[in-house]
Amino acid sequence: MPYEPPEDFMRALHDLLGRVPTPFYAYDLRRIEERTRRYLEAFPTARVFYALKANPRLRLLERLRSQGLGAEAVSLGEVVRAYVAGFMPDEVVLNGPVKPPEVLGELARSGVPTLVADSRADLERIAQRLPEARVLLRLNPDLPVDTHPHLATGRGDSQFGVLPEDWPDVFARGRELGLEMRGLHVHLGSNLHNPADFAARLEVLQRLRERVGPLEVLDLGGGFGLDLDPRDLAPGMFALARAYGAELWIEPGRALVADAGVLVARVWAEKRTRRRYLLLDAGMTAFLRPLLYGARHPVRPLYASERTAVYDLAGPACESGDVLARDVELPVPREGDAVAFLEAGAYGEAMHLDYLDHPRPGAYAWDGARWEVWRRPGRLPALWEDEPDRAEYL
Ligand code: LLP
């Protein structure tokens, strides 16, 4: 069953609808704090790094930092964003398969986070450019996991990490290069809902331990699906970290923010082709998950009417894939009525596309009394402000 946002939040959404343009994203701060607490309580002695790709709004980062979290980043931009939000370099972990020399150079200037090396080449480049860095080496556990194929990063055929048979040698190479090799990183994938996937990883890592010896850090990444209870997973993860003599780190993203957020869109027409559509002002460019992963997000009406019907909800793009939900039973709307897509707080707003020149949705957070602006709605001119309006040559 999806988490239902509380009534006062839904009422506040109504009020917000009259004040800001649609589509927009709205978040319930209280829910984010509650989810974060739940993770902090389940992992009391671990370091928790929020994967800020899930939702990188600065105001959110500042709050999570004040709850004691670090930040997990996957680009120079995300690292700098974390610094802007107040995180210190030793509170930030940088992942990612590619760290070009310019990025390492920029980090030398702005502050060096913990780096997760993804390959031997990555290690060599880090040793050359940032010899003082603290480094984890990413393991590819070679495990299939039960999620969408785009999200299964720990499969042996994915581009991430170093396979178990190569990991000890590559780690030793890091030490040879004089790097401060602190430990191991492994991220199975995202939107995991099967505890068996976590158990399988424990086994791989138990086996590897005999060849690796003690480590300072064991970073087990993120991936926690919304339905998983962190209290079920934490004991195995702590036991593993103890076996390595290591401190446990985790990197949840979705689990902290997804069900606190909704996308609100207005219905501008009802239309029949061979199917029955509601046409909305939000589609794939505002919310990519349904198209990219076949994700199903529950829909709630922000209006009432006597009759209901079953609709497909389509966006304004010129692509037939621009459908945010199918076969949804809803009250029959009037023009301008609004709907909310639930569980849109992670990887929703963050994955907005400029494609088709729709201004970016605004973002607002409800603290129980007031709406705080997290991001003002995008403006049209911002979409072309980097384009010369007369010939410019290099
Ligand atoms: N750590 C690493 C190294 C990651 O690559 C990710 C996510 C996380 C942590 C956080 O994973 P989470 O706890 O949020 O599952 N756009 C996709 C999700 C992509 C996740 C990428 N990496 C979606 O909309 O489902």
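**Exercise 1. Arg 300 and its strand**

Classify Arg 300 as buried, partly exposed or exposed from its C-beta neighbours inside 10 Å, then locate the residue.

*Solution.* Arg 300 counts as partly exposed because it has 18 C-beta neighbours inside 10 Å. A residue is buried if 20 or more other C-beta atoms lie within 10 Å of its own, exposed if 12 or fewer, and partly exposed in between, with C-beta atoms placed from the backbone. The structure is a predicted model, in which local features need pLDDT of at least 70 and side-chain atom pairs count only at pLDDT 80 or more, while totals for chains, interfaces and linings use all residues. Residues are numbered from 1 along each chain as its sequence is written.

Next, Arg 300 lies in strand β12. Helices (H or I, at least four residues) and strands (E, at least two) are DSSP runs, numbered from the N terminus. Finally, the C-alpha atoms of Arg 300 and Val 264 are 9.5 Å apart, with the two positions 36 residues apart in sequence numbering.

**Exercise 2. Strand β15 and its partners**

Identify the strands that pair with β15, give their sense, and describe the two faces of β15.

*Solution.* Two strands pair if DSSP finds at least two bridges between them.

1. Strand β10 (residues 261-272) is joined to β15 by 4 bridges, and the two run antiparallel. Ala 265 has Val 339 of β15 as its bridge partner.
2. Strand β12 (residues 299-301) is also antiparallel to β15, with 3 bridges. Here Val 299 is matched with Phe 341 of β15.
3. In a regular strand the side chains alternate between the two faces of the sheet. In β15 (residues 338-341), Ala 338 and Ala 340 point one way, Val 339 and Phe 341 point the other way, and all are buried.

**Exercise 3. Strand β3**

State which strand is joined to β3 and in which sense, then say which residues lie on each side of β3.

*Solution.* Strand β2 (residues 47-51) runs parallel to β3, and 3 bridges join them. Ala 51 has Glu 72 of β3 as its bridge partner. Both faces of β3 (residues 70-73) are covered: Gly 70 and Glu 72 are on one side, Ala 71 and Ala 73 on the other, and all are buried.

**Exercise 4. The ligand shell**

Describe the composition of the shell around the ligand and explain why the ligand lies where it does with respect to the domains.

*Solution.* A residue is near a molecule if its C-beta atom, placed from the backbone, lies within 6 Å of it. The ligand is surrounded by 21 residues, of which Ala 51, Ser 190, Gly 222, Gly 253 and Tyr 347 are the closest. The shell comprises 8 nonpolar, 9 polar and 4 charged residues. In this count Ala, Val, Leu, Ile, Met, Phe, Trp, Tyr, Cys and Pro are nonpolar, Asp, Glu, Lys and Arg are charged, and the others, Gly among them, are polar. Helices α10 (254-257) and α11 (289-293) each supply at least two shell residues.

The ligand lies between domain 1 (7-26 + 258-383) and domain 2 (29-256) because both give residues to its shell. These domain bounds come from an automatic or database domain assignment.

An unreviewed UniProt entry places the feature "binding site" at Gly 223, Glu 251, Pro 252, Gly 253, Arg 254 and Tyr 347. UniProt positions are given in the numbering used here, feature names are shortened, and annotations may be inferred rather than shown by experiment. Of these residues, Gly 223 is found in the loop between β8 (217-219) and α9 (230-244) and is buried, with 29 other C-beta atoms within 10 Å.

**Exercise 5. The nonpolar core**

Name the members of the largest nonpolar core that touch the most other members, and trace the core to its strand and domains.

*Solution.* A nonpolar core is a set of buried Ala, Val, Leu, Ile, Met, Phe, Trp, Tyr and Cys residues joined through C-beta atoms within 7 Å. The largest has 101 residues, and Ala 26, Ala 71, Val 135, Leu 137, Leu 218, Leu 263 and Val 264 touch the most other members. Strand β10 gives the largest share of this core, 5 residues. Domain 1 and domain 2 each contribute at least three residues to this core.

**Exercise 6. Backbone exceptions**

Locate the cis peptide bond and the positive phi values at Asp 142 and Asp 357.

*Solution.*

- The bond from Thr 22 to Pro 23 is cis, with omega near -5°; Pro 23 is in the loop between α1 (7-17) and β1 (24-28).
- Asp 142, not a glycine, has a positive phi of about 60°. Its place is in the loop between β6 (134-138) and α7 (167-176).
- Asp 357, not a glycine, has a positive phi of about 55°. Asp 357 counts as exposed because it has 9 C-beta neighbours inside 10 Å.
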